[in-house]
Amino acid sequence: MSVQQTVGSDPYFPANGDPRYRVHRYELALDYRPGPNRLAGTARINAIAGRSSLAEFQLNLGDFKIGRVRVDGKAAHYTHRGGRLRIRPVKPLRTGAAFTVEVHWAGNPKPVSSPWGGIGWEELEDGALVASQPVGAPSWYPCNDRPADKASYQISITTPSAYSVVAGGRLLTRTTRASTTTWVYEQSAPTSSYLVGLSIGKYQTVLLGDPGLGGVPQHGHIPAELLPEFSRDFARQPAMMELFEELFGPYPFGEYAVVVTEEELDVPVEAQGLSLFGANHVDGARSSERLVAHELAHQWFGNSVSIADWRHIWLNEGFAKYAEWLWSERSGGRSAQQLAAVAHRLLAGRPQDLRLADPGRKLMFDDRLYQRGGLTVHAVRCALGDEAFFRMLRGWAGLHRGGSVSTATFTSYVGRFTTEPLDELFTSWLHEGELPAMPSPRAQGAPPVAGGPRMPARPSYPPSTA
């Protein structure tokens, strides 16, 4: 069963989020002027109190001027310091009560300071983008900033008409009045606050492939001068979508968009139904194709199946890393077994102090977590054999679609697909620092398979999420 709400604060970011209530919908109305980098907004937040009454509660919001705050239509007392908006309604909210919060704010959005530099809202040379993982969402809107508190979103953004606005979800309307245009997006699937993506810029929009009836619309939004390179670098994304739907189950959202900014980004960033790439990831030589696969895979692992708190980030990054290897194997590159061996050799020469299931805030984005996460998934594949492994993979993504999970949820689920206990495997790969031996590929208890495990050419199981 999915973990819909954890008890207590996130151990890595105790100042973020309030576990005493949960949000089920955000409605954001924003006005953004790129020149002065000026943002004004109104948020209407529909929420439900938890197991005890709330005399006060908090949202996370960056350094903005607050216009007013209301709870159920009545002015509420509030304080706003250090990124925390503490709200005290006129009367305490009773246990389990539905309530609505309205917040008006304005100012110059800027990234949230973090151990990894500024994250969240980033002003570009001509536009802006949002890349919020893990705690950057309060840089532009008030939210209960914890990954397990997932909600639906409607986002209305008004900008000068020269700019395009791309957000995760379905574009409902685009209305131009005089010199401004208002874009309204709806994301109905449960979404973590850090996964609300946004890009404002001057883009050309193209359709990737032909989705056909019932297919997933895939659009690219890129600077016109990068279109020739983009057309080659992302040409195989529709084939990735086909493979991942085969292996992981149906794409969990209505559409998928990729944005390429004119500026360089250190790494691409996933958002719900949307991925952001820098101009440096587009060269016409498919040099970043593994990253195209990685970000697409996050739509299943990390976005649809989300983590209960940041201790479990390997469940996002390990599966996305393994998806890179599966794409390589299916598309004629090196097999997952070969790439796992490369990763193992790399990790063998690095410090052995990372515990995957709880890496600590300092190491949660360490490259070793990605590589060891992929290796752990490969170790499970070797232990289960391909037929059971791919059934497990598809079932995991289907059962927990739209929910939140923990490492313990995963290890318990994997146990359904084998009669042999895997406690030793999970202890060594997830809870100990020392790198275990390279996984030995076996087919359901048989001797090692020559060349390692292989993906089925076509799924050997019914194409369903069951």
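In which loop is Pro134 found? Pro134 sits in the loop between S10 and strand S11 (151-160). Strands (E, at least two residues) and helices (H or I, at least four) are DSSP runs, numbered from the N terminus. The model is predicted: local features need pLDDT of at least 70, side-chain atom pairs count only at pLDDT 80 or more, and totals for chains, interfaces and linings use all residues. Residues are numbered from 1 along each chain as its sequence is written, and side-chain values use heavy atoms, with hydrogens and water left out.

**Backbone**

The peptide bond from Gln133 to Pro134 is cis, with omega near 0 degrees. Most residues other than glycine have a negative phi, and most peptide bonds are trans. Two residues other than glycine with positive phi are tabulated here. Buried means under 20% relative accessible area, exposed over 50%, and partly exposed in between (1.4 Å probe, protein chains only).

| Residue | Phi | Loop | Relative accessibility |
|---|---|---|---|
| Asn37 | near 50 degrees | between strand S1 (21-33) and strand S2 (38-49) | 7%, buried |
| Ala178 | about 55 degrees | between strand S13 (170-177) and strand S14 (180-191) | 85%, exposed |

The UniProt annotation "domain: Aminopeptidase N-like N-terminal", from an unreviewed entry, covers residues 133-195. UniProt positions are given in the numbering used here, feature names are shortened, and annotations may be inferred rather than shown by experiment. The end C-alpha atoms of residues 133-195 lie 7 Å apart, and the span is 0% helix and 54% strand.

**Nonpolar cores**

A nonpolar core is a set of buried Ala, Val, Leu, Ile, Met, Phe, Trp, Tyr and Cys residues joined through side-chain atoms within 4.5 Å. The largest one has 83 residues, of which Phe244, Phe248 and Met392 touch the most other members. H4 supplies the largest share of this core, nine residues. Not counting residues up to four places away in sequence, Phe248 touches Ala297, Trp300, Phe301, Ala323, Leu326, Leu393, Arg394 and Ala397 (contact means heavy atoms within 4.5 Å). Apart from the largest core lies another, of 46 residues, among them Ala47, Val69, Val103 and Trp183.

**Largest pocket**

On a 1 Å grid over the protein atoms alone, a pocket is an open set of points where a 1.4 Å probe fits, with protein on both sides within 12 Å along at least five of seven lines; lining residues have an atom within 4 Å of a point. The largest pocket holds about 800 Å³ of space, a volume being the space filled by probe spheres set on the points. Its lining has 29 residues, and Asp266, Val267, Pro268, Val269 and Tyr370 are the closest to its centre. H3 gives the most to the lining, with four residues.
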